[in-house]
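This report describes a protein chain for readers at the bench. The sequence and structure are shown first.

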Amino acid sequence: MNEYGGKLQEKGLFWKMGSRDPETFTKLDQMSGEIENFNYDLSNNIMNRNDYWQNFKLLSGGMKMPVLYFYGTNDYMVGPRHYKDLEFSNLLLWENNGGHVPFIEDRNDLEKAVLAYKEKYRV
């Protein structure tokens, strides 16, 4: 978590960055606590990589594989409009009213999206 995330966490507002429900990240923390040797190494290190911050959207036009892009209208960690300018030729764009953790917030809609993807692309 970066400096700003930490400040939001201190004020009890971090959840608003990625959820419509104040309990979502509490539930995520509980689930993470059940995983043996769980750590934040990936998230702690990836934000410091320069290539993490590069815009690779222009490359999406050359990719032919089917893509499910499931995004949350309340996900300000990624951005609710991050899908703009994607050029995948086989794209199933799925809007969800949730945030960054759909498997907690809206598992049923996530399942519908995966099943629709499976049906559309016969995978």
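The sections below proceed from the chain as a whole to selected local features.

## Overall architecture

The model is predicted. The chain contains 5 helices and 2 strands, and from the N terminus these elements follow the order α-α-α-β-β-α-α. Along the principal axes, the C-alpha atoms occupy a box of roughly 45 × 35 × 30 Å.

The chain has 123 residues, of which 28% count as buried. Its exposed area is about 9100 Å², and carbon and sulfur atoms supply 52% of that area. Among contacts with a separation of 6 or more, 64% are between residues 24 or more positions apart.

## Helix H5

Helix H5 comprises residues 107-121, which makes 15 residues. From its first C-alpha to its last, H5 reaches 21 Å, close to the 21 Å expected at 1.5 Å a residue. The buried residues of H5 are Asp109, Ala113, Tyr117 and Tyr121. Viewed down the axis of H5, these buried residues fall within an arc of 85 degrees, so they line one face of the helix.

The cover over the buried residues of H5 includes strands S1 and S2, the latter formed by residues 91-96. On the face of H5 turned away from its buried side lie the exposed residues Arg107, Asn108 and Lys112.

## The end of H5 and the salt bridges

Arg122 lies just after H5 and adopts a positive phi of about 55 degrees. Arg122 also forms a salt bridge with Glu119, in which the closest N and O atoms are 2.7 Å apart. The two partners fall into separate accessibility classes: Arg122 counts as exposed, at 65% relative accessibility, whereas Glu119 is partly exposed, with a relative accessible area of 49%.

The structure holds 2 salt bridges. Besides the pair formed by Arg122 and Glu119, there is a salt bridge between Arg49 and Asp51, with the closest N and O atoms 3.0 Å apart. Arg49 is partly exposed, at 47% relative accessibility. Asp51 is likewise partly exposed, with a relative accessible area of 32%.

## A buried residue in helix H2

Thr24 belongs to helix H2, which covers residues 24-33. The relative accessibility of Thr24 is 1%; because this value is under 20%, Thr24 counts as buried.

Which residues are in contact with Thr24, leaving aside its neighbours within four places in sequence? The contacts of Thr24 are Ser19, Val101, Ile104 and Glu105.

## A nonpolar surface patch

Phe56, Leu59, Met63 and Met65 together make a nonpolar patch of about 370 Å² on the surface. One of these residues, Met65, is located in the loop between helix H3 (41-46) and strand S1 (67-72).

Met65 has a relative accessible area of 42% and is partly exposed. A residue must have over 30% relative accessible area to be included in a patch, and the value of 42% for Met65 is therefore consistent with its place there.

## Summary of local features

Two elements of this description concern strand S1: S1 contributes to the cover over the buried residues of H5, and the loop between H3 and S1 holds Met65, a member of the nonpolar patch. At the other end of the description, Arg122 combines a positive phi just after H5 with a salt bridge to Glu119.

Definitions and conventions. Residues numbered from 1 in each chain as written. Predicted model: local features only at pLDDT ≥ 70, side-chain atom pairs only at ≥ 80, totals over all residues. Heavy atoms only, no water. Patch = residues over 30% accessible without salt bridge, like charges linked within 9 Å, V, L, I, M, F, W, Y side chains within 5 Å. Areas by Shrake-Rupley, 256 points an atom, 1.4 Å probe, with all protein chains shown as cover. Salt bridge = Lys/Arg side-chain N within 4 Å of Asp/Glu carboxyl O. Helix = DSSP H or I, 4+ residues; strand = E, 2+ residues; numbered from the N terminus. Buried < 20%, exposed > 50% of the residue type's maximum accessible area, 1.4 Å probe, protein only. Expected span 1.5 Å × (residues − 1). Arc of directions from axis to C-beta. Contact = heavy atoms within 4.5 Å.
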